[in-house]
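Please study the sequence and the structure shown here before attempting the exercises. Each exercise consists of a task and a solution in steps.

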Amino acid sequence: FTAAITISAAVNVAIRSSVGAMLSARDGLVAEDGGLFRIEGASDVTFTGLDFKSGSASNRGGCLFVTGSSNVEVEDADFVECIAEYYAGGMYLSSSSATVSGTS
């Protein structure tokens, strides 16, 4: 990625891989919140079979930042080298919910 992806007010979004695709930020990319994905506005997003790598945030959520009554499901995924300056290197939740399974 060359910039974090924002998903806002979207439902039934599914991002999947059957071969373990890696989602990685370009070297030097640092977002304020959510180094790879910022999910907001009551969105409903499912990530399956993915690796999240090298997300970096100057504030919260190195790889995923989830806010605004959103719902996220993360299945069979790995979080590698996800860094946040203040809170939650892998995933930060604020007024939202998450279901996580098969994840390291």
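The exercises below concern a predicted model.

**Exercise 1. The sheet that contains strand 1**

Task: Determine which strands stand at the edges of the open sheet with the order 1-5-9-13, and why one side of each is left without a neighbour.

Solution.
Step 1. The sheet consists of 4 strands, and their pairing is parallel.
Step 2. Strand 1 (5–8) and strand 13 (91–94) each have a single partner strand, so these two stand at the edges and one side of each lacks a neighbour in the sheet.
Step 3. From one strand to the next, the twist averages 10°.
Step 4. Within this order, strand 5 (residues 37–40) pairs with strand 9 (residues 64–67) in the parallel sense, over 3 bridges. F37 has L64 of strand 9 as its bridge partner.

**Exercise 2. The sheet that contains strand 2**

Task: Describe the open sheet with the order 2-6-10-14 and trace its pairings from strand 2 to strand 14.

Solution.
Step 1. This open sheet is built from 4 strands with parallel pairing.
Step 2. Its edges are strand 2 (13–16) and strand 14; each has a single partner strand, so one side of each has no neighbour in the sheet. Direction ignored, neighbouring strands of this sheet are turned against each other by 10° on average.
Step 3. Strand 2 pairs with strand 6 in the parallel sense over 4 bridges, and V13 stands opposite V45 in strand 6.
Step 4. Strand 6 (residues 44–48) is joined to strand 10 by 5 bridges, and the two run parallel. Here D44 stands opposite N71 in strand 10.
Step 5. Strand 10 also pairs with strand 14 (residues 97–101), again in the parallel sense and over 5 bridges. In this pairing, V72 stands opposite A98 in strand 14.

**Exercise 3. The two faces of strand 10**

Task: Assign the residues of strand 10 (residues 71–75) to a covered and an uncovered face.

Solution.
Step 1. The covered face holds V72 and V74.
Step 2. The uncovered face holds N71, E73 and E75.
Step 3. The bridge positions can now be placed on these faces. N71, opposite D44, belongs to the uncovered face. V72, opposite A98, belongs to the covered face.

**Exercise 4. A network of salt bridges**

Task: Work out how D33, R38, E40 and R60 are linked, and state how accessible D33, R38 and R60 are.

Solution.
Step 1. The structure holds 3 salt bridges.
Step 2. D33 forms one of them with R38, where the closest N and O atoms are 3.8 Å apart.
Step 3. The side chain of D33 also meets that of R60 in a salt bridge, at 3.1 Å from N to O. D33 lies in strand 4 (residues 31–33) and R60 in strand 8 (residues 56–60), so this pair ties together parts that are 27 residues apart in sequence.
Step 4. R38 further takes part in a salt bridge with E40, at 2.7 Å from N to O.
Step 5. Through these pairs, D33, R38, E40 and R60 are linked in a network of salt bridges.
Step 6. For accessibility, the cut-off for a buried residue is under 20% relative accessible area. D33, at 10%, therefore counts as buried. R38, at 25%, is partly exposed, and R60, at 22%, is likewise partly exposed.

**Exercise 5. The disulfide**

Task: Identify the cysteines that form the disulfide, and determine which parts of the chain the pair links.

Solution.
Step 1. The structure holds 1 disulfide. C63 and C82 form this disulfide, with their sulfur atoms 2.1 Å apart.
Step 2. The pair links distant parts of the chain, 19 residues apart: C63 is in the loop between strand 8 and strand 9, and C82 is in the loop between strand 11 (78–80) and strand 12 (83–84).
Step 3. The torsion about the S-S bond of C63 and C82 is about -75°, so the disulfide is left-handed.
Step 4. C63 is buried at 0% relative accessibility, and C82 is buried with a relative accessible area of 15%.

**Exercise 6. The surroundings of S56**

Task: Decide whether S56 is buried or exposed, and list the residues that S56 touches.

Solution.
Step 1. S56 lies in strand 8.
Step 2. The relative accessibility of S56 is 18%, and S56 counts as buried.
Step 3. Not counting residues up to four places away in sequence, S56 touches L29, V30, A31, G35, G62 and I83.

Note on methods:
Residues numbered from 1 in each chain as written. Predicted model: local features only at pLDDT ≥ 70, side-chain atom pairs only at ≥ 80, totals over all residues. Heavy atoms only, no water. Buried < 20%, exposed > 50% of the residue type's maximum accessible area, 1.4 Å probe, protein only. Pairing = 2+ DSSP bridges. Axes fitted to C-alpha atoms, helices over the stretch in contact; angles between N-to-C directions. Salt bridge = Lys/Arg side-chain N within 4 Å of Asp/Glu carboxyl O. Disulfide = S-S within 2.5 Å. Contact = heavy atoms within 4.5 Å.
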